[in-house]
Amino acid sequence: MRSPHEVMGHDGHAAMSMDAMADDMRNRFLVAAVLSVPILLWSAIGRQVLHFGAPAPFGLRDDVFQLILSLPVIGYSGWIFFDGAVRALRARTLDMMVLVAVAIAAGWTYSVVVTLRGGGDVFYEASTVLCAFVLLGHWLEMRARGGANDAVRALLDLAPPKAIVIRDGAQVEVPTSEVQVGDLLLIKPGAKVPVDAAVGDGTSEVDESVVTGESLPVAKAPGDALIGGSINTNGTLRARATRVGSDTALAQIVKLVQEAQSSKAPGQQLADRAAFWLVLVALVGGTLTLVAWLLAGRSFSQAILFAITVVVITCPDALGLATPTAIMVGTGLGAKRGILFKNAAAIEAAARVQVVVMDKTGTLTKGEPEVTELYTVGMPEEDVLALAAAVERDSEHPLAEAIVRRAEHAHVASRDATDFENVPGYGALAAVGGHRVAVGNARLMARESIDLDELAGMRDAMAAEGRTVVVVAVDGRPVALMGISDAPRPTAKVAVEALQQLGIDVVMLTGDNRATAERIARELGIREVMAEILPADKAGKIAELQRAGKKAAMVGDGVNDAPALAQADVGIAIGAGTDVAIETADIVLIRSDPFDVATAITIGRATLRKMRQNLGWAVGYNAIAIPIASGIFEPRFGLVLRPEIAALSMSGSSLLVAVNALLLKRLKPPEPEPTAVSPHTVR
């Protein structure tokens, strides 16, 4: 279905922007409204109902004066409807433009014929006021739709107009559009990052919330990536531009949101088909109304007024607005929170999700080893960490890096190690502060003839839960066990709880061993686990859930998740994942926060609810309005609608639908509590 904002400019050339179209619609409305007032005053209604007694200027007959004033209304204000009707008929379809054009043309043409034949009952006022009310409705509708698009406007405004580039050692301010890949940028405190870049020099904290929705500033150091549109808060950075123009992350986000807003949900396609048939019903109904009243002995002028009223009030404009306005608001709401719906169908599908399948590594967990458990015997935790970190700083093993990070997190003083010895597959040894320190697995302890004693049972229990266990021994005596595993993301537990509160089943899907998977599942409150699943079999597991009659969403971040993302009813990619996963998914979570899955589903449900409310109103309105407009209650109750009132009613219905969709902006999606799963346990 087409509406005036989809029609090209009145010059017939390039389509106008939303703001320009709203201004054009306002101007057309003002012309119609101003001229409709005198037309109404010198009409039969003005004379008989309003008791207006002034004669028409220049000695003209009332109908001739009305004809002259109506020409600009029909030729300028109403031309948009005739142009749109011709385009629709050429496309072999029927839409509201056809109905309005038929209604205005029928009333005005009949009146012109009567005037040229010497005068009689005319209703120019019906055509011009009808035109004014419909234009008013569409002008207000455009302004409402403009409000629905605030999110895209806000995103477009994030990129600064100017950037400081260092060339030949000098600082040069250039338009952001002229920045080239490889340019060295100077980003001062408080300034926006102009394009995607990589930090070359300097450290700072960058506020990325405007782009990703991440509330806390992100620390940046040499080698870290910067997102165009984010705000440098406290340090001066020099960075190399990596992506510019339409390739930046911000531009890609805007593109995705715009594509989603312009796409059609399955419900909208049904509404479009219904609108086509409703137009046909209106035209047929108007014709039958005309014939019925003529057969009932009414005059042609009375019969055609009823017919025009039926045609006008049946305009399916509200039906056509019912879903796209809600989609625009829903996608914008998601974009503000770092959730990108790739199309309208993704929003509708998200609303129907019954089970969420989540990949473990990189989705529910951080995807990197971390010391999640520390058990000490006879030595303070601080001393154990200081000694172990001193040994492991000279190692490049991922487990060694996890131990060093834990020591740094605890702000333990750094110590120096000498006589470092790396034992591949076992661990490492070194001298630290006069002590011989061994850090490694049970085989290293056996090699060094170190008996685990009371720690042996604890080590076996930790290993049984799927942790990698590192033993720390000092001078031949075991002093600590470190359980190292892939730790849950801080919001993983509350994410699972939020989904379960929405009535959604959560399933963990992983290729990891069952002991590890079940330990993570217990920590997070997940009741169903699919472990030791090969990458090629993940899509098959999703298909099994679908065959059981469930609408399934898959959340993942890696290449091996892509087939499962494609198989699922809704594929949700963690933003930090691979390009393949993001391309395959229907929804992208820029913040890489699993809690945003619940937020996306909440937005989807609220959007679908608005769509259903709007469709229900649009259908119900027509079911009630058509019988009244046709005049069937006139003989007994005297209930009559004139075309002008029908136009006002139709416009009001469309506006109500648009405003109802805008109320979606008031939605308060769930927010994670500040508490998070603590990955560190000390005993």
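Start by selecting strand E5 (residues 204-207), which is joined to E6 by three bridges, the two strands running antiparallel. Keep in mind as you go that this is a predicted model. Valine 206 is a handy residue to click on here, since valine 218 in E6 stands opposite.

Now add strand E8 to the selection. You have an open sheet of three strands in the order E6-E5-E8, with antiparallel pairing. Strand E6 (218-220) and strand E8 (231-232) each have a single partner strand and stand at the edges, so one side of each has no neighbour in the sheet.

Next, go to strand E16 (residues 468-474). How many of its seven residues are buried? Six are, which leaves E16 mostly covered. Show the strands that pair with E16 as well:

- Strand E15 (residues 435-440) runs antiparallel to E16, and four bridges join them. Here, glycine 440 has valine 471 of E16 as its bridge partner.
- Strand E17 (residues 477-488) also pairs with E16 in the antiparallel sense, over seven bridges. Pick valine 474 and you will find its bridge partner in E17, arginine 477.

Stay at the hairpin of E16 and E17 for a moment. Two residues lie between the strands, and aspartate 475 takes a positive phi near 55 degrees.

Another positive phi waits just after a helix. Select helix H17 (residues 398-409): its twelve residues reach 16 Å from first C-alpha to last, close to the 16 Å expected at 1.5 Å a residue. Colour its buried residues, and you will light up Ala400, Ala402, Ile403, Val404, Arg406 and Ala407. Then step on to histidine 411, which follows H17 and has a positive phi near 55 degrees.

For the last stop, turn to the side chains of the interior. The largest nonpolar core has 61 residues, and those with the most contacts inside it are Phe81, Ile104, Phe123, Tyr124, Cys131 and Leu135. Among the helices that each supply at least two residues of this core are H1 (18-41), H6 (124-148), H10 (266-295) and H25 (595-629). Which helix gives the most to this core? That is H5, with twelve residues.

Centre the view on phenylalanine 123 and show what surrounds it. Setting aside neighbours within four places in sequence, phenylalanine 123 is in contact with Gly107, Tyr110, Ser111, Ser301, Ile304, Leu305, Ile308 and Arg642. To finish, pick out Ala346, Leu499, Ala517 and Val570: they are included in a second, separate core of 50 residues.

Terms used: Residues numbered from 1 in each chain as written. Predicted model: local features only at pLDDT ≥ 70, side-chain atom pairs only at ≥ 80, totals over all residues. Heavy atoms only, no water. Buried < 20%, exposed > 50% of the residue type's maximum accessible area, 1.4 Å probe, protein only. Pairing = 2+ DSSP bridges. Core = buried A, V, L, I, M, F, W, Y, C linked by side-chain atoms within 4.5 Å. Contact = heavy atoms within 4.5 Å. Expected span 1.5 Å × (residues − 1).
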